[in-house]
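Hello,

Here is the structure I promised to hand over to you. Have a look at it first, and then read on for what I found.

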Amino acid sequence: MKKIKSIAAFTLALAMMAGMGACGKTDSDSDSKGGSANNAGGGSVEVDEDGIKTFTAFFAVPGNEVDKGNRVQEAIAKEIGARCEMKWLTGQTADEAVGIMIAGEEYPDFIDGSTGYSKLLDAGALIPLDEYWDDYPNIKNFYSEAEWNSVKVDGHVYIVPQFGNDYMYSTDCVHNDEAFWIQTRVLKWDNYPKIETLDEYFDLIERYLEANPTMEDGTPNIGYEILCDDWRYFCLENAPFFLDGYPNDGCCIVDRDTHKAIDYNTTPTAKRYFQKLNEEYKKGIIDPETFTMNYDTYISKLSTGRVCGMVDQHWDFNDAELAIKSQGLDDNTYVPVGVVIDKGIEEHYHSGSTLDVSNGVGITTSCKDIPGALKFMNDLLDPKILTLRNWGEKDVDYLVGDDGIFYRTDEMRSNANDQTYINANLCPYAYFPNYKGMDHDEINACNPSSQPSEFYESLPEPVKECFDAYGVQTYVQMTNKSGENAPWYPMWSYSNTFTADTDYGLAKVNMDEVKHEYLPKVVIADDFDAAWDEYMSVYNERCDIDCYLNALDTEIQRRIDVAEGNS
Amino acid sequence: MSKNVALAADGNAAALKAENKKSFWKQVKNQKTLILLSIPFVVYVIIFCYVPLVGWIMAFQNYKPAKGLLNSEFVGLDKFKRLFGVAPFPKNDVFLGVIRNTLAMGLINLVLGTVCAIAFAILLSEFRSRGGKKVIQTISYLPHFLSWVIVAGIVFDVLSMENGMLNKLLVGLGIVDKGVNWLAEPKYFWWIVAFTNLWKETGWNSIIYLAAITSINPDLYEAASIDGAGRLSRIWHITLPGLKPTILILLIMNVGNVLNAGFDIQYLLGNGLVQRYSQTIDIYVLKYGISQGDYSIGTAAGIFKSLVSIILIFLANRTAKAMGEEHLF
Amino acid sequence: MAELTKAIAEEKPSVKPKKKSSTSRRSTGDIVFDVINTIILIVFTVIILYPLLNMVAISFNDGTDALRGGIYLWPRAFTTKNYSTVLSKQSMPVAVRVTVLRTIIGTLSSTFVTALLAYILSRKEFLFKKQLSLLYVITMYVSGGLIPVFLVYKKLNLTHSFWVYIIPGMVSAWNMLVLRTYMNGLPDSLAESAMMDGAGHLTIFFRIILPLCMPVIATVSLFTAVYHWNSWFDVMIYNNGAKDANLTTLQFELQKLLSSVTNNSASAETMKEANNTVTPTTVRAAATVVTSLPIICLYPFLQRYFVAGLTIGGVKE
């Protein structure tokens, strides 16, 4: 009796151990049944019965997965014999995701590591594209030799930066960048004055608010909002370099003569800007809740149409503008004004398309079919495929007029904004190299959103009126024409790669910390000067600015050298 | 029947005592079923929990995923020094503040969370209507299923200066004349987090106490009410002592978690104005390490938290043991 | 042995009538207590319920319209589009299947195995009781970190497999301690007399302890089931490869919708080009309702095990 029991116990014990051990086996069994070689999530290239290859890709940015069998994706696959399944970042940071891949040595065929790019390089996970690209002219000719030089690391090209490559010329109509924005109703109320300085900007809002404390339906108007949520706090902190007439280098001002980096946080302009905000806060022009809002609350306030103005980048509040229009409050949408600190400074809010050398898609060492992958990327840059990616299928997603000009019906336009529809039908391969500017037919814009006729179609009447008053046709023209970008521009493509284990990286994290805490305090302070002095003393104590600026100086010089072909 | 069992138990206890004197191996032989059964559990815990601890050497390295655990450069205690701001690294008052915040929020959560969950469980068990009890119980645990993003959205709505329910209520009652910007005041932050946690988890945490209440012998209540004891006195003299083992075990376990005061809610509700009081260790580590792929500093912080936790539970466990109460090990 | 279980079974019905008699006497103090208790619980319920109803209302409202706020208990611009957006996601059928499978298999196996460990550690005579307990208690407070754990699972061939959901979380120290505490509260006499009748540990565990532990088993099962239902992190880390589409879960799909809100490593520059919109609040609300409704329905079914005196009342010390 006893023996039987202990045998039973032993068998149970064994069974449990076996259960634990067997899990590995069962898993590979089930995988082989599925018909695909179990290459742990990447590497092998699957070929289906139609001879279409399926590649895999991971982009370390948040994104939207397209459905399997997506209409345009399949149309492209039929044309070029390949498709790509794309995964995006979810719930972790780019560096974490890339770190796990490196530790496990499992990569998809294509990868954009975002801020984890340098880790991929260290791990030797990317193949040098320039050793293969002679047979793939679309890739090779995507950038000029000088541009490729700036992408090179240790003499090789490992990634193709996807964005900011204008074909022919830029056709941007919407100023997607940062600006001081103001509602058309405010400008109209004062007969479309010329707004040049920060003082004029706030003066107008003040006068408008005094005359119009509420909207027509009685909702109180809000003068000015400052979004300050997490990384979106650029809406508060980076205006000083714009006010001084410098472009968006993100992390510093670069002196045009000495080519030295200048810390924009401590300039006299910065102090005047925050002092102005402080005054406006005390006058009640700035929403008292502004520094505790999260992004959702901010969008919801803007969406009511009550907010007269703010600093932001257009993509960041696009949703709110759609909501305003949907309520028929067309007069409450925003136009950008290029505000500077003193009259006479030339503003640089709009910049031409920029090559960001810190981001791009590469092919990994796990890829089993490198020529196939290169061909895929090459084919995606074919004019016909570009149109499929950017516009969709003819007669389904867009129509062609007699003159060859593409246009869309209202239904097509609303479909193109509907996430469910997009997932099932459209496939721009957003993180593969793509052109901006003109389409290769040289008639249309590359992308519906920058097609001039498309743009005017969707423009609300009050905005057209406002544009007429200022003698412009597009949002972009509301600010100065962008000049040639400086060879070092944009410096943020360098500072984005900083990590806290270097001294200059630590300095940057500390700067962000201190600014996050003190800038709101300075704006709401009763005694501005005391608050500013405290901020400055903490700032200087905790942040090693010299070390930070030195690192930037070195990079500026390096970029100038590359551009001049000296390295 | 019950007498028989009791007698048998006495006899058995005596036999056990006698057995204790026998050799160790004799005992092992006697318990071979138990020992055999426990072997898989030992293997399991070693594979899944202790083998990965090899990763702790990352804290003493400048870990690069490309080089792996074996080839990364060793830097001794540098990562810890960086974390605590010990020379030669820049002085770091911030981390001390972060520990303070974490401990404070952890303790508030521990105390309020435990008290409210127990109180709710008892009140619910005293509720007369069976159906009503079920409905309330089910509703109370719903918030547990909301993700923090959604919960944070709700908190923003409730605390809003303009339209927030709380401010409307306070203005309506004439307690304040103008809406308060709750999230801008550092002094309120810990309590906002505490109440959010209470709202989300009280119902959920009370489940375990409700289950424990069922194990209390109903005869005891019967006897008490015959003795003329009121409801409160029954709760005090029967329910609470009956819950004691469960309360103690959970307390000891949760004491070890005070440094895990959370990440999401503080991250989502925090802002520059309250930063000094809202940052927890996890947020700090994200900002200074993990988000930039510096696993070493994250591991260092993890080791620090583990050590503190283990010391705390050893202390708590010893205290419970000394008092002759239920303990962990 | 058989006698004993029979005796327990026979004793059970005697509980009910006793309970009734205790509720029949009511004094003024009793009534005051009930009134106050009822008020407290109702206020509490309203505080809990209102934001939830608000969320449901928002989930039925048009997304763009909802942006300007001011929706309380009823949608302003009614639509079911948010739900169709969520439900029409291609990954939905797979996600539902995997989540349900994982919850059922994970809960059954984990509860059983954890209860067995709790039983072993509740035996007062067990020689290595203290050591083994400690070995498990410590696991609650230490972790090797993301990468080492990942590498171990990869070596065990658990990555890119369904079993990574089941096996690593199989034994939960926390649940074990809860179960053990309850088992410790059972009278020793039960197991001992069975032992004298010649029953082995497995018999005692299955025939005596498990049935007596039903309330706490129900609790632990609920915790485990909810844990399985809600986990998404393991999906993301271990099963997020390109070929793992058939291993996704509901919560992971929800997380994809939510993560655009809390994506903490983004920068203005990368977001500008990415052209990604934040998932609308309304869709988030709908997704939350869809993903949590099924598991919420589990609780009422388990509540019948929470009746006082159902088990223990029959066993007098």
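Let's start where chain B meets chain A: this contact takes 33 residues from chain B and 35 residues from chain A. On the side of chain B that touches chain A, four helices each supply at least two residues: α3 (32-50), α8 (148-159), α14 (275-278) and α15 (281-288) of chain B. Which of them gives the most? That is α3(B), with eight residues. By residue type, this side of chain B divides into 17 nonpolar, 11 polar and five charged residues. Please keep in mind as you explore that this is a predicted model.

Now turn to chain C. Its contact with chain B takes 84 residues from chain B and 90 residues from chain C. Here, too, α3(B) gives the most to the side of chain B that does the touching, this time with 10 residues. The residues on that side divide into 53 nonpolar, 25 polar and six charged.

Next, try colouring chain A by its domains. The assignment gives domain 1 (46-167 + 355-455) and domain 2 (178-349 + 468-563), so you will need two stretches of sequence for each. The C-alpha centres of these two domains of chain A lie 32 Å apart. How many residues of each domain are in contact? Nine residues of domain 1 of chain A are in contact with eight residues of domain 2 of chain A. On the domain 1 side, helix α6 (residues 145-151) of chain A gives the most, with three residues. The residues of that side divide into three nonpolar, five polar and one charged.

Finally, please look at helix α3 (residues 28-59) of chain C, which lets you try a small calculation. The helix has 32 residues, and at 1.5 Å a residue it should span 46 Å, counting one less than the number of residues. Its end C-alpha atoms are 46 Å apart, so the expected span and the model agree. The helix does have a kink of about 25° at L49(C), shortly before the proline P51(C).

Is P51(C) buried or exposed? P51(C) is buried, and so are L41(C), F44(C), M55(C), I58(C) and S59(C) in α3(C). The cover over these buried residues comes from two chains: it includes α6 (93-126), α7 (130-140) and α8 of chain B, together with α4 (63-66), α5 (81-87) and α17 (281-296) of chain C.

Enjoy exploring, and write back with any questions.

Best wishes

Notes: Residues are numbered from 1 along each chain as its sequence is written. Chains are lettered from A and ligands numbered from 1 in the order in which they are written. This is a predicted model: local features need pLDDT of at least 70, side-chain atom pairs count only at pLDDT 80 or more; totals for chains, interfaces and linings use all residues. Two residues are in contact if their C-beta atoms, placed from the backbone, lie within 7 Å. Ala, Val, Leu, Ile, Met, Phe, Trp, Tyr, Cys and Pro count as nonpolar, Asp, Glu, Lys and Arg as charged, and the others, Gly among them, as polar. The bend at a residue is the angle between axes fitted to the seven residues ending there and the seven starting there. A residue is buried if 20 or more other C-beta atoms lie within 10 Å of its own, exposed if 12 or fewer, and partly exposed in between; C-beta atoms are placed from the backbone.
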